[in-house]
Amino acid sequence: FKCGVVIVAAGRGERAGQSAEGPKQYRTIGDRPVIAHTLDTFATWPGAGPIVVVIHPDDEALFDAACKRSVASDVIIVHGGATRQISVLAGLEALADIGARRVMIHDAVRPFADHALLSRCAAALSEDVRAVLPAVAVADTLKRAGKDGMVTETVPRDGLYGAQTPQTFDLQAILAAHREAARSGRTDFTDDASIAEWTGLKVVLVEGAVDNVKLTLKRDIAMADEKLNRIAL
Ligand code: C5P
């Protein structure tokens, strides 16, 4: 079964600082922009159905330039909104319009997702399991601290995971959950599994990938660039 794909790329990337290349998803790592790596990973994966990319209305030209050498053909472009949650909903509506049944929702700023990860996520979906979350067990010891920087507690890390994308869903189930969240006035969910949980949908974990990091800060972009240049040597 093919999975439709929503890649969200409408963020402003403020935590990564300003750059002449635009928001972080348009910064070059290795030989091409972050978003071109991400798009090509999905476009070359045999399980991918239609691909929707959600961009900021100001970024049309940036996106065209970034992806002109991409192997992806007939990508559907839609405009995002003020929060990730609003951007995802726009992408889901576009996929539903063309009749997709399953969806993978992925952050454009995770360019190192690999095909084995995508296949694990898709394979976990079934009649009973309508929401799949790739995640990695937390490695660090976790502390809770007050605003004053004083540690108040060590949080046992047993059973704690870092959530990744692509989160994979039955399209109608996650679309209904997203619409309900929007109707309720909440626009601040930071991932889609939490919206699924909020509406009572059962979410199943699959093993994420340690390399599948989210490029958030300026330093993350520099490290990703170095890594790809090292591989190319
Ligand atoms: O801000 P954060 O790092 O959580 O963003 C994760 C992904 O969501 C990024 O790929 C970003 O472009 C996207 N996003 C979006 N619309 C927003 C905010 C974030 O598509 N309003």
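Which elements do the buried residues of α1 pack against? They pack against β1, β2 (28-29), β3 (32-33), β4 (48-55), α2 (60-66) and β6. This report starts from that helix and works outward. The model is predicted.

**Helix α1**

Helix α1 spans residues 34-43. It is mostly covered, with eight of its 10 residues buried. The buried residues are Val 34, Ile 35, Ala 36, His 37, Thr 38, Leu 39, Thr 41 and Phe 42. Ile 35 also has a place in the largest nonpolar core, among the residues that touch the most other members.

**The overall fold**

The protein chain holds seven helices and 12 strands. Its radius of gyration is 18 Å, and the globule rule gives 17 Å for 233 residues, so the chain is as compact as a globular protein of that length. The C-alpha atoms fill a box of roughly 50 × 45 × 35 Å along the principal axes. Of the 233 residues, 38% count as buried. Take the contacts in the chain with a separation of 6 or more: residues 24 or more positions apart account for 75% of them.

**The core**

The largest nonpolar core has 54 residues. Val 6, Ile 7, Ala 9, Ile 35, Val 54 and Val 103 touch the most other members. Strand β1 gives the largest share of this core, six residues. What does Val 6 touch, not counting residues up to four places away in sequence? Its partners are Val 52, Val 54, Val 88, Gly 91, Leu 92, Leu 95, Val 103 and Ile 105. Two of these names, Val 54 and Val 103, also stand among the core residues that touch the most other members.

**Strand pairing**

Several strands pair around β7 and β11. The table sets out four pairings.

| Strands | Sense | Bridges | One bridge pair |
|---|---|---|---|
| β6 (residues 102-107) and β11 (residues 167-170) | antiparallel | four | Val 103 and Phe 169 |
| β7 (residues 131-137) and β11 | antiparallel | two | Ala 131 and Phe 169 |
| β7 and β12 (residues 204-207) | parallel | four | Pro 134 and Val 206 |
| β7 and β10 (residues 161-163) | antiparallel | three | Val 136 and Gly 162 |

Phe 169 in β11 appears twice. It is the bridge partner of Val 103, and Ala 131 stands opposite it as well. Strand β11 is thus joined to β6 by four bridges and to β7 by two. Strand β7 in turn runs parallel to β12 and antiparallel to β10.

**Around the ligand**

Which residues come nearest to the ligand? Of the 17 residues around it, they are Val 8, Ala 10, Gly 11, Ser 87 and Ala 108. Two elements give two or more residues to this shell: β1 (3-9) and α3 (84-97). The shell divides into seven nonpolar, seven polar and three charged residues.

Strand β1 therefore links several parts of this account: the buried residues of α1 pack against it, it gives six residues to the core, and it gives two or more to the shell around the ligand.

Key
Residues are numbered from 1 along each chain as its sequence is written. This is a predicted model: local features need pLDDT of at least 70, side-chain atom pairs count only at pLDDT 80 or more; totals for chains, interfaces and linings use all residues. A residue is near a molecule or strand if its C-beta atom, placed from the backbone, lies within 6 Å of it. Ala, Val, Leu, Ile, Met, Phe, Trp, Tyr, Cys and Pro count as nonpolar, Asp, Glu, Lys and Arg as charged, and the others, Gly among them, as polar. A nonpolar core is a set of buried Ala, Val, Leu, Ile, Met, Phe, Trp, Tyr and Cys residues joined through C-beta atoms within 7 Å. A residue is buried if 20 or more other C-beta atoms lie within 10 Å of its own, exposed if 12 or fewer, and partly exposed in between; C-beta atoms are placed from the backbone. Two residues are in contact if their C-beta atoms, placed from the backbone, lie within 7 Å. The radius of gyration is taken over C-alpha atoms; the globule rule is 2.2 Å times the number of residues to the power 0.38. Two strands pair if DSSP finds at least two bridges between them.
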